[in-house]
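Here's a quick tour of a protein fold, written for someone new to reading structures. Have a look at the picture below, then work through the points one topic at a time.

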Amino acid sequence: MASRSEIDSHNIPAHVAVIMDGNGRWAKQKGGLRIFGHQSAITAVRETVESAAELGVRFLTLYAFSTENWNRPKHEVMALMQLLVHTIRQETPTLLKNSIRLQAIGQISSLPSSCQQELAEAMELTKAGTRMTLVLALSYSGRWDLTQAAQRMAADAAAGKLQAAEINEHTVSQYLTTAGMPDPELLIRTSGEQRISNFLLWQLAYTELYITNLLWPDFRKEHFYDAIQAYQRRERRFGKTSEQLTVS
């Protein structure tokens, strides 16, 4: 496994996104309930946030709860929401201490009122953080994000605030919930699944994918360093040839 000293500090992705997968399978392997896996994943979240901030990542987006996750058993959803409230309350002092700003994307209004309140308070308390922005994707899906963007563009066009002929890629990006953030340069997915699961569909167009078989509760700093090193070995061409990149 990689160490921090092996990371090229001049080639750190500005935005890293993470699909935190495998909590249920991890708990099953241990003979526990699924919520045990979710509870045991807090250390993985903490170490990922710490290592990203230490390396100089500017934005870290964690896929915490998808719109599809509402279809899980009710008791699991409720336990997840209680865990979310508890974790935000517990971790906010650490975010403040490390100058990390907390933001959230998704259908926040669909969360229980206790979650909305805890989240709003934490975002207000940490809004002056300048070291890194930690983005929680909650009740989020890429298709939902694109749909809400289309609806808002249509409303602005109807109101005469937006001309259809002027809509381009930049316009669409500005209507997404990630407006103002760079697109992720690296996506990490745990548990070995080979898909992006309706996450940041527009924003991941040119993102480097790093998939590990490790289950999320076992993910630690050195695994994050492995992902960064793998990213640093990639040649990012954006449609160009290797020769063109060498000349430029």
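**Strand partners in the sheet**

Let's start with one pair of residues: Ile-19 has Tyr-63 in S2 as its bridge partner. Keep in mind that this is a predicted model. From that pair we can work outwards to the sheet, the helices on it and the cores.

**The sheet**

- Six strands make up an open sheet, and they line up as S3-S4-S2-S1-S5-S6 with parallel pairing.
- At the edges you'll find strand S3 (100–105) and strand S6 (208–211), each of which pairs on one side only.
- On average, neighbouring strands of this sheet are turned by 20 degrees against each other, if you ignore direction.
- As background, strands of a sheet pair through backbone hydrogen bonds, and the pairing can be parallel or antiparallel.

**Strand S2 and its neighbours**

- Five bridges link strand S1 (residues 15–19) to strand S2 (residues 59–66), in the parallel sense.
- Opposite Leu-60 in S2 stands Val-16.
- S2 also pairs with S4, again in the parallel sense, over seven bridges.
- One place to spot this is Ser-66, whose bridge partner in S4 is Tyr-140.
- Is S2 mostly covered or mostly open? It's mostly covered, with seven of its eight residues buried.

**The cores**

- The largest nonpolar core has 44 residues, and the ones touching the most other members are Val-16, Leu-60, Ile-188 and Phe-224.
- H4 supplies the largest share of this core, namely seven residues.
- Another core, of 13 residues, lies apart from that one, and its members include Ile-19, Val-135, Tyr-140 and Leu-200.
- What does Val-16 touch, leaving aside its neighbours within four places in sequence? Its contacts are Val-57, Phe-59, Leu-60, Thr-61, Leu-186, Ile-188, Phe-224 and Ile-228.

**Two helices packed together**

- People describe two packed helices by the angle between their axes and the distance between the axes.
- Here, helix H3 (residues 42–55) packs with H8 at an angle of about 50 degrees, and their axes are 9 Å apart.
- That angle is why H3 and H8 count as oblique to each other.
- Their crossing, H3 with H8, is right-handed.
- On the H3 side, the contact is made by Glu-47, Thr-48, Glu-50, Ser-51, Ala-52, Glu-54 and Leu-55. On the H8 side, Lys-221, Phe-224, Tyr-225 and Ile-228 do the job.

Definitions and conventions: Residues numbered from 1 in each chain as written. Predicted model: local features only at pLDDT ≥ 70, side-chain atom pairs only at ≥ 80, totals over all residues. Heavy atoms only, no water. Pairing = 2+ DSSP bridges. Helix = DSSP H or I, 4+ residues; strand = E, 2+ residues; numbered from the N terminus. Axes fitted to C-alpha atoms, helices over the stretch in contact; angles between N-to-C directions. Core = buried A, V, L, I, M, F, W, Y, C linked by side-chain atoms within 4.5 Å. Buried < 20%, exposed > 50% of the residue type's maximum accessible area, 1.4 Å probe, protein only. Contact = heavy atoms within 4.5 Å. Parallel < 35°, antiparallel > 145°, perpendicular 65-115°, else oblique. Left-handed = near helix turned anticlockwise from the far one by under 90°.
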